[in-house]
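Please look through the structure below with some care, taking one part at a time. The paragraphs that follow move from a pair of packed elements to the interior and then to a single residue.

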Amino acid sequence: MSESYSHLPPLIIKGKKITLPIVQGGMGIGVSLSPLAGAVAKEGGVGIISSAALDRLVSKQKGKKVSSYEAAFEEVSLAKASGGFAGINIMVALVRDYEASVKGSLDAGADFIISGAGLPLGLPAIQPPKDTALIPIISSARALELICKKWERFGYRPDAVVLEGPLAGGHLGFKAEQIDLESNKLENLLPPVLDAAIKYGDIPVIVAGGIYTHADIVRFLQMGASGVQMGTRFLATEESTASEEYKRAVIAAKEEDIVIAIDPGSPCGLPFRVIKQSAAYVSAMKKLRAPKCDKGYVLLKDDEGKFTRCLAKSSNEHHFCICNGLLSSAGYNRDKEEPLFTVGTTACKINKILPVKDLIDELSGRVPIES
Ligand SMILES: Cc1cc2nc3c(=O)[nH]c(=O)nc-3n(C[C@H](O)[C@H](O)[C@H](O)COP(=O)(O)O)c2cc1C
Ligand code: SF4
């Protein structure tokens, strides 16, 4: 592991002292797996796997069927084996596999479970977390208060919180019409969240969404954040397991190419940022794909308690099939399904794929930033 980074202070969460206050955000499907998370952990940041469709991805690697529990256990163990701190991102919206993913990660000794795309209100009740830090993702002080109040009933307090603003990649915790509001800029969301975090017991706040340079990191630390979470920059690394086609699309993307998909949009019901040339998005706009539900990761329970409901299941008129689009962008089923590329707004600044070590050197301030 890298020894010292004089420019940035460490991040301390649940007694774990992380050399750099940089968390690599979980990126599903199949973008942040153990090769990326392990590399980031080794360089002194926090490496985070994404639990989305992990059973399928690990089953493919191993050539035998593994469960969501086993897949989470396996990938967390591999990421931790590189040394340093590693954990997993488990989306609340992936209801069917949520508990199994949490249990597998806890049993593997994940340093962190980061959970958003919905409020993780029941997370501490699933299983005693022991040394694992439980970290919700929120977009407002109100959401943090709600979670703290609910978790108090379990005798637990968030070990840290990720405040994700509207410039992030993936799903956004804002209504479409709120995305561009001045009041929702990350800089403006942070002060009330810091107040709530202090009120509930000095909870470290990690900010995410649109952070690109060492100077950005310094600026948010000076505003009171304890760390940053970054996704898009780590998507564009050698170690990320996005397909080569995906990485080329990131490099080619211009500002006007990065749009918010709403209608057609994600069946999870949240605004979702994409590169507008992604083949699956182009087809969705032209209503070309015939609906087919063969993966089922975002299914919700029906009245009988069975996982049968998804907004993209019987019609692709207003919702695209996110399971298949994202699996295709990790190269899983490219011959059968078109890829859907999600990115944050900063993708338009990226012009080269870096090894994680070079990126961390740049972000940590050890190496001058290229203009
Ligand atoms: C390709 C991609 C996939 C993502 N997948 C997830 C995910 O599965 N779960 C989640 O909570 N956040 C996800 N995110 C959000 C990131 O974890 C991170 O918070 C966000 O990208 C930060 O914004 P930035 O991209 O501007 O750095 C994803 C982001 C990207 C770019
Ligand atoms: S319709 Fe598509 S997005 Fe919805 S659960 Fe089925 S496979 Fe997933």
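In this predicted model, helix 6, which covers residues 141-152, packs with helix 7 at an angle of about 20°, and the axes of the two lie 8 Å apart. Angles under 35 degrees count as roughly parallel, and helix 6 and helix 7 are therefore roughly parallel to each other. The crossing in which helix 6 passes helix 7 is right-handed. On the side of helix 6, Ala141, Leu144 and Glu145 take part, and they meet Pro192, Val193, Ala196, Ala197 and Lys199 of helix 7. Sorted by character, the residues of this contact comprise 6 nonpolar and 2 charged ones, with no polar residue among them.

Helix 7 also leads into the interior, where the largest nonpolar core holds 102 residues, and where Ile22, Leu163, Val207, Ile217, Phe234 and Leu340 are the members that touch the most others. Helix 7, spanning residues 186-199, gives the most to this core, contributing 7 residues. Apart from this core lies another, made of 15 residues, including Leu11, Val46, Ile48 and Ala160. Returning to Leu163, and leaving aside its neighbours within four places in sequence, one finds among its contacts Leu186, Leu189, Leu190 and Val193, as well as Ile138, Val205 and Val207.

A last stop is Ser51, which sits in the loop between strand 4 (46-50) and helix 2 (54-62). Is Ser51 buried or exposed? Its relative accessibility is 9%, and Ser51 therefore counts as buried, since buried means under 20%. Not counting residues up to four places away in sequence, Ser51 touches Ile88, Asn89, Ile90, Met91 and Ser101.

Definitions and conventions:
Residues numbered from 1 in each chain as written. Chains lettered and ligands numbered in written order. Predicted model: local features only at pLDDT ≥ 70, side-chain atom pairs only at ≥ 80, totals over all residues. Heavy atoms only, no water. Core = buried A, V, L, I, M, F, W, Y, C linked by side-chain atoms within 4.5 Å. Buried < 20%, exposed > 50% of the residue type's maximum accessible area, 1.4 Å probe, protein only. Helix = DSSP H or I, 4+ residues; strand = E, 2+ residues; numbered from the N terminus. Contact = heavy atoms within 4.5 Å. Axes fitted to C-alpha atoms, helices over the stretch in contact; angles between N-to-C directions. Parallel < 35°, antiparallel > 145°, perpendicular 65-115°, else oblique. Left-handed = near helix turned anticlockwise from the far one by under 90°. Nonpolar A, V, L, I, M, F, W, Y, C, P; charged D, E, K, R; others polar.
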